[in-house]
Each structure stands twice: as C-alpha cells, then as structure tokens.
Amino acid sequence: MTTLLQNALEKDEFRLFYQPKVCLLTGSVLGVEALIRWFSADLGEVSPADFIPLAEDMGLIDQIGDWVMETAIKQAVIWRDQQMPVNVAVNVSARQFQRGNVAGRVIGLLHRYELSPSLFGIELTETSFMHSAAKTRSAISELLRVGVSVAIDDFGTGCSSLNYIRTLSLNQLKIDLSFIRNIQSSEKDRLLVEAMIAMAHAMDYKVIAEGVETVEQLKLLRRMGCDQAQGYLFSRPQPEENITEWLKYAF
Ligand code: C2E
Ligand code: MG
Ligand code: MG
C-alpha cells in the first residue's frame, strides 16, 4: 500500500466526496464536508481511515492535504458560480498542523481562486492540539481572523477537549457519531449529548451531530436543541455531480 499510495496522486486516483450538513431548524443545507476517497487501480476502494494514517507516517499528508484543499476550493467556486453558495469544509489532520503552514496555504488558495473565506471551513480533531498545541492554535486563530469556519471534529473522543474549548474560540463542535449511534437506547449517551450541546451553546458554538441515520435520532436531537446534523439519513458522502443535484433542491 505504501508504494501504491506514493503514486496515487500522480495517477489521479483520489476523489473528493461530499456530504451535506443540514440545519435542524429550517431543513436548509448549511454546508458540505469533503471526504477523500482513494480508488486504487490495484487495491480497489481504500478507506481514508486506513490510508490517511499511513500518509501521515510516510510524510505524504501535506501533498495529499494540499490536493484536498485545492480540489474543495475549486468545487466551492463552481457551486458559488451556479448560484449555490455553500460552505465546503475539509478535514485537516494533526500532522498537517504540526509540519506545514496550514493557515498560509488555505489563505493563499482562497486568494488564488477568489473564494470568500466564508465559503470555506476546516475540521480538526482534538488530537491536533496534543501534538503541537502552539502551532495549531496560531493557525486556527489566523483562519478564524480571515473568516474561515473552524470545527472540532469527533468531539468527545480525544483528550483535553475542555481545556482547548476553554482557551480557543471556534465556530462549531461536531459530536462524534459514536455518541449519536445509541442515543435512543442509552440513557447515558443521551445525557452526554445533552450536556455537550448545553456546553457548546454556553460557549456560543454551533453543534453538529455526526452519523445521524434514523428519523428517531433526528427528532431527539432536534428536541435537545442540536443545531445541525449530518449522516446517512440525509445523504451518504457522494461525488460532486450527485451533490450538485441535491443542492439544486436546497437552493
Ligand atoms: P470524519 O471527518 O469524522 O468523517 C465522518 C465519517 O463518518 C466519514 O467516514 C463519513 O463517511 C462517515 N459517516 C457520515 N455519515 C455517517 C452515518 O450516518 N453513519 C456512519 N456510520 N458513518 C457516517 P470516512 O469518509 O470513511 O472518513 C473517515 C475519516 O477519515 C474522517 O472522519 C476523517 O477523520 C478522515 N478523512 C476523510 N477525508 C479526509 C481528508 O481529506 N483529509 C484528512 N486529513 N482526513 C480525512
Ligand atoms: Mg470531519
Ligand atoms: Mg467525525
């Protein structure tokens, strides 16, 4: 996989799929998340959960990350020009903050493609702060300053989350899908989600529930005051042409 991954960019084997983020108050689409897919000629489809950690170890994540950012920004420009201005968010891994100049790269690309920062976002996990807190923090401040939205991903699964929430201003908090999965059957999970929503709102963050698959979960989350949801119930991550069709109904 290592050798194949090295050549995947050159061979144009990556694609971005997109998944809508839906407002629970109005039902409108507030943004989409870009999720990378690797369609390897030799291995078939490989999950990002498998190849992203490998790309990090091999030092390929910067190149791949740059490709992701550029592709997502170009797509946001296309949707904007089709009168469907939608915020496109990409996932940025801890290693990218550690090694590269994430803020500079994003700002440079936004400038080059003339995209408003309000139509772009990043998602990072709590782990990013564990490895290089100072660098991550300054990159985030810079991105927020220019108007890029920043979300904490997989909230509740990492370490020291509360400390970072306390000392950083962000826009969004995404509750990890593992908490949403059993929200109906587990009283504990329900209480935890409720507490996360209350805490995020007290800090003035929007809350997104990941991995919403059933109407029952949706109803429960709406009753709890959750702001947005994302999951198979609305749409699986899909290629841009499918999402374009999806967005046409939304705008
Ligand atoms: P993530 O950012 O937390 O993305 C959410 C994952 O949940 C995605 O898996 C998505 O396909 C999946 N998902 C969405 N809705 C549902 C649902 O209703 N039920 C269930 N069971 N799953 C749902 P995916 O696409 O396999 O991505 C896995 C992880 O890989 C992502 O987690 C993210 O951390 C990472 N990743 C994906 N694309 C990129 C990228 O471009 N760059 C970096 N650095 N990491 C990426
Ligand atoms: Mg994400
Ligand atoms: Mg997540």
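Me: Donors here are N, O and S atoms within 2.8 Å of the metal. What makes Asp153, Asp154 and Glu210 donors of the magnesium ion (ligand 3)?

Reply: This is a predicted model, and in it their oxygens, Asp153 (OD), Asp154 (OD) and Glu210 (OE), the last listed twice, lie 1.9 to 2.6 Å from the ion. The cut-off is 2.8 Å, so they count as donors. Along the chain, the donors follow the spacing D-D-x55-E.

Me: Why say that Asp154 and Glu210 tie together separate parts?

Reply: Asp154 belongs to strand β6 (residues 149-155), while Glu210 sits in the loop between β8 (206-209) and α10 (215-224), so the pair joins parts 56 residues apart in sequence.

Me: Why is Glu210 called buried, and what is Asp154 called?

Reply: Buried means under 20% relative accessible area. Glu210 has 9%, so buried fits. Asp154 has 25%, so it's partly exposed, the class between 20% and 50%.

Me: Why is the ring pair of Phe14 and Trp38 called tilted?

Reply: Their centres are 6.1 Å apart, inside the 6.5 Å limit, so they pair. Their planes stand at 50 degrees, which is neither under 30 nor over 60, so the pair is tilted. Phe14 is in strand β1 (residues 14-23) and Trp38 in strand β2 (residues 29-40), 24 residues apart. Both are buried, and ring pairs link them with Phe51 and Trp67 into a cluster.

Me: How do you know that the charged end of Arg236 sits over the ring of Tyr232?

Reply: That charged end is 3.8 Å from the ring's centre, and the distance limit is 6 Å.

Definitions and conventions: Residues numbered from 1 in each chain as written. Chains lettered and ligands numbered in written order. Predicted model: local features only at pLDDT ≥ 70, side-chain atom pairs only at ≥ 80, totals over all residues. Heavy atoms only, no water. Donors = N, O, S within 2.8 Å, 3.2 Å for Na, K, Ca; no water. Helix = DSSP H or I, 4+ residues; strand = E, 2+ residues; numbered from the N terminus. Buried < 20%, exposed > 50% of the residue type's maximum accessible area, 1.4 Å probe, protein only. Phe/Tyr/Trp six-rings, centres within 6.5 Å; stacked < 30°, edge-to-face > 60°. Lys NZ or Arg CZ within 6 Å of the ring centre and 35° of its normal.
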